[in-house]
Amino acid sequence: NQTVVKAKIAGELKEMLVREGETVRAGQVVARIDPTEAEARLQEKLADLAGGKAQLAYSTRNLDQQSALLKQNFISENAFENAQSSHRVAEARLKALEAQVALARKGVEDTVVRAPMSGVIAERLAQPGEKVAVDGKLAAIVDLDPLELEAAMPASDIPSIRVGQEVTFRVEGFDGREFRGKVDRISPATREGTRSINVYAVLPNADGALRA
């Protein structure tokens, strides 16, 4: 399994807290983007929200007054409907402002970039001081446990292979160490231009001896 950590918000990259070869856990902070602009947007939206709440409070009081006047026949039905309409507009505007505040608050949270999964940093794709765009690549993470082995097998051997069957193999440079896994999937068709079929085995690699 592997993934690329991307920026969810544009800005200046203030910190990269990981390097190639370092292990990270899901949710660990791997980078920080300058929050100045995001925090300013949040404050602006909070101010707009406060104004929206004040406007709704005024509209509510006015509606109550208009309702009382209508009961005493001091105003027309049309005037009361206008007050109701203004109140509905104020309510809708407040909901829109609350949504904008939620988005601005998430923008501030997104300046802290976290690892989406556990694994090892395979590559740093950005450096502190760089301007990163939305979806800008920051780092690549590879999870080495478990690994998947892809092997091309002759079609004539496929009848003797089944899902769940144990697999053993050796890798050059490991002094004859035998690695073990289990068949996870078998391709339903031969590879183009060959008479071989891909077999996929999953193997534990807790000690990280094998690399992707």
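**Close-up views of a predicted model**

**View 1. Here is N205, sitting in the segment that follows β12 (196-203).** This is a predicted model, and N205 makes a handy place to start looking around. Is N205 buried or exposed? With a relative accessibility of 3%, N205 falls on the buried side, because anything under 20% counts as buried. Its side chain has two backbone oxygens to talk to: that of L144, at 3.0 Å, and that of L210, which lies 2.9 Å from a polar atom of the N205 side chain. Setting aside residues up to four places away in sequence, N205 touches L144, D145, L147 and L210.

**View 2. Now for the largest nonpolar core, a set of 20 residues.** Which of its residues touch the most other members? They are L13, V30 and L138. The elements that supply two or more residues to this core are β2 (11-16), β4 (29-33) and β8 (137-142). Another core lies apart from this one; it has 14 residues, among them L144, I158, V167 and F169. L144 may ring a bell, as its backbone oxygen is the one reached by the N205 side chain at 3.0 Å.

**View 3. This one zooms in on L138 and the company it keeps.** Leaving out neighbours within four places in sequence, L138 is in contact with V5, K6, A7, L13 and M16. The list goes on with A31, V113, E123, R124, L125, A126 and V132. So L13 turns up here as a contact of L138, and both belong to the trio that touches the most other members of the largest nonpolar core.

**View 4. Four strands make an open sheet in the order β1-β8-β6-β3.** The pairing in this sheet is antiparallel. Which strands are at the edges? They are β1 (2-6) and β3 (23-24), each of which pairs on one side only. Look closely at β3 and you can follow its antiparallel pairing with β6 (residues 119-124), which runs over two bridges. V24 has G119 of β6 as its bridge partner.

**View 5. Helix α2 covers residues 77-109, which is 33 residues in a row.** From its first C-alpha to its last, α2 reaches 48 Å, close to the 48 Å expected at 1.5 Å a residue. Which residues of α2 are buried? They are F80, A83, H87, A90, L94, L97, V101, A104 and G107. What do these buried residues pack against? Their packing partner is α1 (36-71).

**View 6. Strand β11 (residues 178-186) pairs with β10 (residues 166-170) and also with β12.** With β10, the pairing is antiparallel over five bridges, and E166 stands opposite K182 in β11. With β12, the pairing is again antiparallel, this time over four bridges. There, V183 stands opposite A201 in β12.

**View 7. Stepping back, the chain comes to two helices and 12 strands.** Along the sequence, the pattern reads β-β-β-β-α-α-β-β-β-β-β-β-β-β. The radius of gyration is 30 Å, well over the 17 Å that the globule rule gives for 212 residues, so the chain is more spread out than a compact globule. Its C-alpha atoms fill a box of roughly 95 × 45 × 30 Å along the principal axes. Of the 212 residues, 31% count as buried. Among contacts with a separation of 6 or more, 67% come from residues 24 or more positions apart.

Methods
Residues numbered from 1 in each chain as written. Predicted model: local features only at pLDDT ≥ 70, side-chain atom pairs only at ≥ 80, totals over all residues. Heavy atoms only, no water. Buried < 20%, exposed > 50% of the residue type's maximum accessible area, 1.4 Å probe, protein only. Polar contact = N/O pair within 3.5 Å; in protein donor to acceptor, adjacent residues only side chain to side chain. Contact = heavy atoms within 4.5 Å. Core = buried A, V, L, I, M, F, W, Y, C linked by side-chain atoms within 4.5 Å. Pairing = 2+ DSSP bridges. Expected span 1.5 Å × (residues − 1). Rg over C-alpha atoms; globule rule 2.2 N^0.38 Å.
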